[in-house]
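Please open the structure in your viewer and keep the selection panel at hand. The stops below can be taken in order, each beginning with something to select.

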Amino acid sequence: MTTTLSVPVLPALDQGRAGLANQVRSEWTKLRSVRSTWICLVIVFVAGVGLSALVSNIEAGQWSHLGLADRASFDPVRFSQTGSFLSQFVVGVLGALVVTSEYATGSIRTTLAITSKRTTVLAAKLLVIGAVILVVAEVTAFASFFVGQAVLLAHGAKALPPGSSILTQIRSATIPYVSLADGGALRAVFLSGVYLFLLALLACAIGFVLRHTAGAIAAFVGVLLVLPLIVSVLPSSVSQSFEKYLPSNLGLAMTLVTTRKTDFAGVLFTPWTAMALLALYAVVAMVLASWLLVRRDA
Amino acid sequence: MASPGQSVISAVGLSKSYGSTRAVDDLTFEVRPGVVTGFLGPNGSGKSTTMRMVMGLDHPDAGTATIGGRRFGDLRWPLREVGALLEAKAIHPGRSAYNHLLAMAQTNSIPKARVDEVLTMVGLDGVARRKAGKFSLGMSQRLGIASTLLGDPGVLLFDEPINGLDPEGILWVRNLLKSLAGEGRTVFVSSHLMSEMALTATDLVVIGRGRLIADTTVEDFISSNTVATVLVRSPETDRLASCLGAAGASVRTREDGALLVTGLDAPGIGDVALAQGVALHELSPVQASLEEVFMELTSDAVDYHGQTAPENHPVHPDPQDPQDPQDLRGRGAPAPPPVEEVA
């Protein structure tokens with residue numbers, strides 16, 4: 001290795017100070033320069049579109065055997081968003097890794113020792129992972145929607161008349177499919193992407209709180225998978241009042257277009273209320289993360 | 001950059017505990033620009049903790065650490081003002097050296113071209129696109145050093161920068177540190193190897209168990225802490241010993257019969273021997289090595305002794321000990337084997 005001893009001069013900067021825009025550029029470089037990012041994003045898209053095609057195909061094949069109640073809850077939008085059951089964990093892993101991989105290698109100390117405000121680092125990480133997940137999740141949600149409807153069409157599905165109710169759907173002899181113009185469809189698909197966006201922010205914040213990859217992912221999976229199981233073994237009088245607050249059920253509420261009444265979680269929140277609640281969870285986690293990041297030794 | 005003589009890194013009453021362990025205890029010192037300042041102490045003596053507090057990573061329980069009079073959090077372009085290499089292996093293993101440095105540069109509005117410049121400087125330009133996880137410890141150290149130079153800062157901190165380097169790399173780091181200081185920068189470099197600091201540093205901050213032991217120059221540190229010893233061989237050891245004792249010297253007898261004399265220099269011993277008619281077969285001054293001075297000073301301040309470490313290190317050198325590193329000052333001799341745990 002050839003080396004020199006003279007340090008080339010770098011023109012000084014007398015103006016301004018290292019700020020959020022600088023940190024955002026840096027965090028984007030970090031995110032795009034590791035392979036796990038791209039693997040996770042590809043999984044989100046492929047799982048979204050692939051599962052939409054698969055599930056829509058299976059459900060369409062079942063239509064002729066369905067009873068009235070099942071036809072009433074036949075939800076072409078939700079079938080197309082099945083991939084988010086898988087994507088929510090992928091997004092959580094990615095959101096946590098953005099933070100915990102730096103704690104695992106110790107490079108978080110390099111990051112914090114080149115910027116004067118720790119909250120800038122937290123804000124930049126949330127902005128970058130949030131923006132990337134929002135874009136990928138929305139693209140995936142809409143692509144999945146169109147693929148799902150195309151599959152239903154291939155099974156001979158017919159569009160419901162504009163403004164039609166669930167009753168029309170039940171009486172309909174053919175498989176229904178929806179367009180984005182139909183009641184609630186655009187909102188449901190959009191919020192399906194927002195759900196993953198909010199989960200990524202939540203996971204990133206958990207990463208700052210726990211500072212450990214395995215711990216953060218376990219906590220995230222625990223909230224989405226284990227917490228519902230625990231709540232479900234409580235007496236139904238108790239669990240009924242809790243279940244609609246679970247993040248997984250908020251996600252469901254955000255993407256339902258047919259009925260908000262479920263046999264397992266009672267009546268869910270309206271879509272926008274559900275989104276606001278999930279956003280509140282993420283904000284609480286972010287505030288806790290910020291408080292701990294500033295207070296703790298790095 | 002600050003003008004010479006003015007202190008740049010400053011610690012005042014710095015204290016830090018982890019649970020019941022006092023890592024740093026009321027530490028006060030100053031580091032001036034233009035020279036390399038060695039930060040010396042046994043492993044676990046609080047060097048890294050102190051450096052982390054200077055860099056704003058750990059919060060002191062008491063006291064302050066400042067860079068150019070300001071706390072780390074008040075620096076406007078931190079990477080352009082202070083470059084620190086604290087952990088060489090603290091790099092995402094899947095990220096290339098180039099992208100690692102680019103992400104750092106972007107935080108402080110440092111242009112892309114600068115990344116290539118510093119990579120070339122440390123000799124990593126050929127492997128810039130390779131994953132940093134595949135780097136040897138020596139290459140990681142070079143990458144870490146490159147990152148400290150990104151912002152062309154006036155203040156530089158290095159925590160054990162020669163760990164893992166080959167002899168060629170060690171020489172390069174030594175010369176680089178001196179050259180950086182020669183440009184008027186403030187260079188603060190920690191090590192547990194006294195001999196290494198003797199070759200590189202001008203000033204010394206010595207700590208043990210988190211407490212300040214010495215804040216001085218290397219020269220003063222040696223002269224004020226070494227006791228001149230003379231090795232004497234004679235066929236009439238006992239008589240000579242008592243005569244030397246009468247002349248005010250203190251004398252120890254070694255197992256092989258040689259005398260180790262302090263308190264009287266070689267000419268003085270020769271005069272005594274002549275006056276008493278005692279033949280001398282050997283009369284040689286022995287200089288205590290820096291390693292021994294350092295160990296003597298920090299022996300009470302070492303938390304973890306190696307199994308073979310004697311309870312009290314002799315301040316007098318034993319010239320028969322083949323391990324004994326002689327004074328390495330000013331010599332291009334290879335560094336002695338690392339003294340882990342001050343064993």
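Two residues are taken to be in contact if their C-beta atoms, placed from the backbone, lie within 7 Å. Bear in mind throughout that this is a predicted model.

**Where the chains meet**

Begin by showing chain A and chain B in two colours: by the contact rule just given, 34 residues of chain A are in contact with 45 residues of chain B. On the chain A side, select α1 (20-32), α5 (84-105) and α6 (107-112), each of which supplies at least two residues of the side that touches chain B. The largest share of that side, six residues, comes from α1(A). If you colour the side of chain A that touches chain B by residue class, you should find 13 nonpolar, 15 polar and six charged residues.

**The two domains of chain B**

Next, hide chain A and colour chain B by its domain assignment, which gives domain 1 as 9-216 and domain 2 as 227-286. The C-alpha centres of domain 1 of chain B and domain 2 of chain B lie 47 Å apart, and the remaining stops visit a sheet in each range.

**A sheet of three strands**

Select β2 (21-31) and β4 (62-67) of chain B, which are the edge strands of their sheet, each pairing on one side only. The open sheet has three strands in the order β2-β1-β4 (chain B), with antiparallel pairing, and its neighbouring strands are turned by 20° against each other on average, direction ignored. Now add strand β1 (residues 9-18) of chain B, which pairs with β4(B) in the antiparallel sense over five bridges; along this pair, B:Ala11 stands opposite B:Ala65 in β4(B). Helix α1 (residues 47-54) of chain B packs on the sheet and touches β1, β2 and β4 of chain B, while its direction makes about 120° with that of β1(B).

**A sheet of four strands**

Move on to domain 2 of chain B, residues 227-286, and display the open sheet whose four strands follow the order β11-β12-β10-β13 (chain B), again with antiparallel pairing. Because β11 (250-253) and β13 (282-286) of chain B stand at the edges, each with a single partner strand, one side of each is left without a neighbour in the sheet. Neighbouring strands of this sheet are turned by 25° against each other on average, direction ignored. To look at one pair, select β11(B) together with β12 (residues 259-262) of chain B, which run antiparallel and are joined by four bridges; here B:Val251 stands opposite B:Val261 in β12(B).

**Two helices on that sheet**

Add helix α9 (residues 237-246) of chain B, which packs on the sheet by touching β10 (229-233), β11 and β12 of chain B, and whose direction makes about 155° with that of β11(B). Then add helix α10 (residues 266-276) of chain B, which lies across β10, β12 and β13 of chain B and runs at about 155° to β13(B).

How do the axes of α9(B) and α10(B) cross, and within what distance do they come? They come within 10 Å and cross at roughly 120°, which makes α9(B) oblique to α10(B). The crossing of α9(B) and α10(B) is right-handed.

For the last selection, show the side chains of B:Leu240, B:Cys243 and B:Leu244 in α9(B), which meet B:Ile269, B:Val272, B:Ala273 and B:Gln276 in α10(B). The residues of this contact divide into six nonpolar, one polar and no charged.

Note on methods. Residues are numbered from 1 along each chain as its sequence is written. Chains are lettered from A and ligands numbered from 1 in the order in which they are written. This is a predicted model: local features need pLDDT of at least 70, side-chain atom pairs count only at pLDDT 80 or more; totals for chains, interfaces and linings use all residues. Two strands pair if DSSP finds at least two bridges between them. Axes are lines fitted to C-alpha atoms, for helices over the stretch in contact, and angles run from 0 to 180 degrees between N-to-C directions. Domain bounds come from an automatic or database domain assignment. Angles under 35 degrees count as roughly parallel, over 145 as roughly antiparallel, 65 to 115 as roughly perpendicular and the rest as oblique. A crossing is left-handed if the near helix is turned anticlockwise from the far one by less than a right angle, and right-handed if clockwise. Ala, Val, Leu, Ile, Met, Phe, Trp, Tyr, Cys and Pro count as nonpolar, Asp, Glu, Lys and Arg as charged, and the others, Gly among them, as polar.
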